[in-house]
Protein chains: 2
Amino acid sequence: MRFADRHCARWPKGKPPLSEAEVAAALRELPGWTATGRATRLTRRFTFPGFGAAIAFVNALAGLATAEDHHPDFAVRWNVVEVTSSTHDAGGLTDNDFILAARLDALPEAPPP
Amino acid sequence: MRFADRHCARWPKGKPPLSEAEVAAALRELPGWTATGRATRLTRRFTFPGFGAAIAFVNALAGLATAEDHHPDFAVRWNVVEVTSSTHDAGGLTDNDFILAARLDALPEAPPP
């Protein structure tokens, strides 16, 4: 199933995060996203027409993060929102980060990648 | 007049930003805020009980920024919102950054410094 069609679920305790090869494969579903920090963080910069549209996206992101119980970091600079996701408990990236990323891309408030 | 009682106004074109001495003096009105980058940026970290309270503050910040037409950068990490203000046109800090900071502190959604 595509990441965009799945929901976040508890990553089993002790299960290692995705390997760099698994991250590289998963990224194929997510144009616009980049893995950084030796594949421990997933990041995308969203650019909007203005501040209001950026804040509308932030609120949609907050709703999604709450619903999925997976909360990415994000930074807002006027019309730009830079989102960074990681699964801290697992010490790296898990399916949950890719699910959240795919669902963020699918929000009506998100610009195309 | 205290910064908290003023509103942002256009900083005159060509007028230099506040000097380091002026910034140091202005900071006395703003416990919790720090000047960084050789007094070109004003920053404060706001900590909340949880993600929802942090997002409520972000929305109050967005309303204030829109009303004052002065938009700080901010970064959200779960229950922490780090705000950074600067007056890019002036190349440093101006009264407007201190007015925005004081008004952020006065928001009902803001925690005490």
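The following legends describe close-up views of a predicted model with chains A and B.

**View 1. The relation between chain A and chain B.** Chain B is superposed on chain A by a rotation of 180° with 0.0 Å of shift along the axis, at an RMSD of 0.0 Å. This is the relation of a two-fold axis. Within chain B, Ala75(B) has the C-alpha nearest the axis, at 2.0 Å from it. Both copies use the same surface, since 93% of the contact residues of chain B recur in chain A.

**View 2. Pairing of strand S3 of chain A with strand S3 of chain B.** The two strands, each spanning residues 73–77, pair in the antiparallel sense over three bridges. Val76(A) has Phe74(B) in S3(B) as its bridge partner. Contacts of Phe74(B) reach into chain A, where Ile55(A), Phe74(A), Ala75(A) and Val76(A) are touched. In chain B, Phe74(B) also touches Val58(B), Leu61(B), Val81(B), Glu82(B) and Val83(B), residues up to four places away in sequence not being counted.

**View 3. The two faces of strand S3 of chain A and its hairpin with S4(A).** In a regular strand the side chains alternate between the two faces of the sheet. In S3(A), Phe74(A) and Val76(A) form the covered face, whereas Asp73(A), Ala75(A) and Arg77(A) form the uncovered one. S3(A) also pairs with S4(A), in the antiparallel sense and over five bridges. Opposite Ala75(A), in S4(A), stands Glu82(A). The hairpin of S3(A) and S4(A) has two residues between the strands, and Trp78(A) in the turn has a positive phi of about 55°.

**View 4. The largest nonpolar core.** This core has 73 residues. Those with the most contacts inside it are Phe57, Phe74 and Leu104 of chain A, together with Phe57, Phe74 and Leu104 of chain B.

**View 5. Enclosure of helix H3 of chain A.** Helix H3(A) comprises residues 95–105, and 10 of its 11 residues are buried, so the helix is largely enclosed by the rest of the structure. The buried residues include the polar or charged Asp95(A), Asn96(A), Asp97(A) and Arg103(A). Also buried are Phe98(A), Ile99(A), Leu100(A), Ala101(A), Ala102(A) and Leu104(A). The cover over these buried residues includes helices H1 (20–27) and H2 (51–68) and strands S2 (41–47) and S4 (80–85) of chain A.

**View 6. Aromatic residues and charges over rings.** Trp33(A), Phe46(A), Phe48(A) and Phe57(A) form one aromatic cluster. Over all chains, the count of aromatic pairs comes to 10. In chain A, the charged end of Lys15(A) sits over the ring of Trp11(A), at 4.3 Å from its centre. In chain B, the charged end of Lys15(B) sits over the ring of Trp11(B), again at 4.3 Å from the ring centre.

**View 7. Strands S1, S2 and S4 of chain B.** S1(B), residues 34–36, and S2(B), residues 41–47, pair in the antiparallel sense over three bridges. Leu42(B) in S2(B) is the bridge partner of Ala35(B). Four residues lie between the strands of this hairpin, in which Gly37(B) takes a positive phi near 60°. S2(B) also pairs in the antiparallel sense with S4(B), residues 80–85, over six bridges. Phe46(B) stands opposite Val81(B) in S4(B).

**View 8. Positive phi values in the loops between S1 and S2.** Most residues other than glycine have a negative phi. In the loop of chain A between S1 and S2, Arg38(A) has a positive phi near 50°. Arg38(A) is exposed, with a relative accessible area of 71%. In the loop between S1 and S2 of chain B, Ala39(B) has a positive phi of about 60° although it is not a glycine. Ala39(B) counts as buried because its relative accessibility, 12%, is under 20%.

**View 9. The surroundings of His70(B).** His70(B) lies in the loop between helix H2 (51–68) and S3 of chain B. With a relative accessible area of 10%, His70(B) is buried. Leaving aside neighbours within four places in sequence, its contacts are Cys8(B), Ala65(B), Ser85(B), Ser86(B), Thr87(B), Asn96(B), Asp97(B) and Leu100(B). Of these, Ser86(B) is 16 residues from His70(B) along the chain, and the two C-alpha atoms are separated by 9.1 Å.

Key:
Residues numbered from 1 in each chain as written. Chains lettered and ligands numbered in written order. Predicted model: local features only at pLDDT ≥ 70, side-chain atom pairs only at ≥ 80, totals over all residues. Heavy atoms only, no water. Least-squares fit on C-alpha atoms with pLDDT ≥ 70 in both. Contact = heavy atoms within 4.5 Å. Core = buried A, V, L, I, M, F, W, Y, C linked by side-chain atoms within 4.5 Å. Buried < 20%, exposed > 50% of the residue type's maximum accessible area, 1.4 Å probe, protein only. Pairing = 2+ DSSP bridges. Phe/Tyr/Trp six-rings, centres within 6.5 Å; stacked < 30°, edge-to-face > 60°. Lys NZ or Arg CZ within 6 Å of the ring centre and 35° of its normal.
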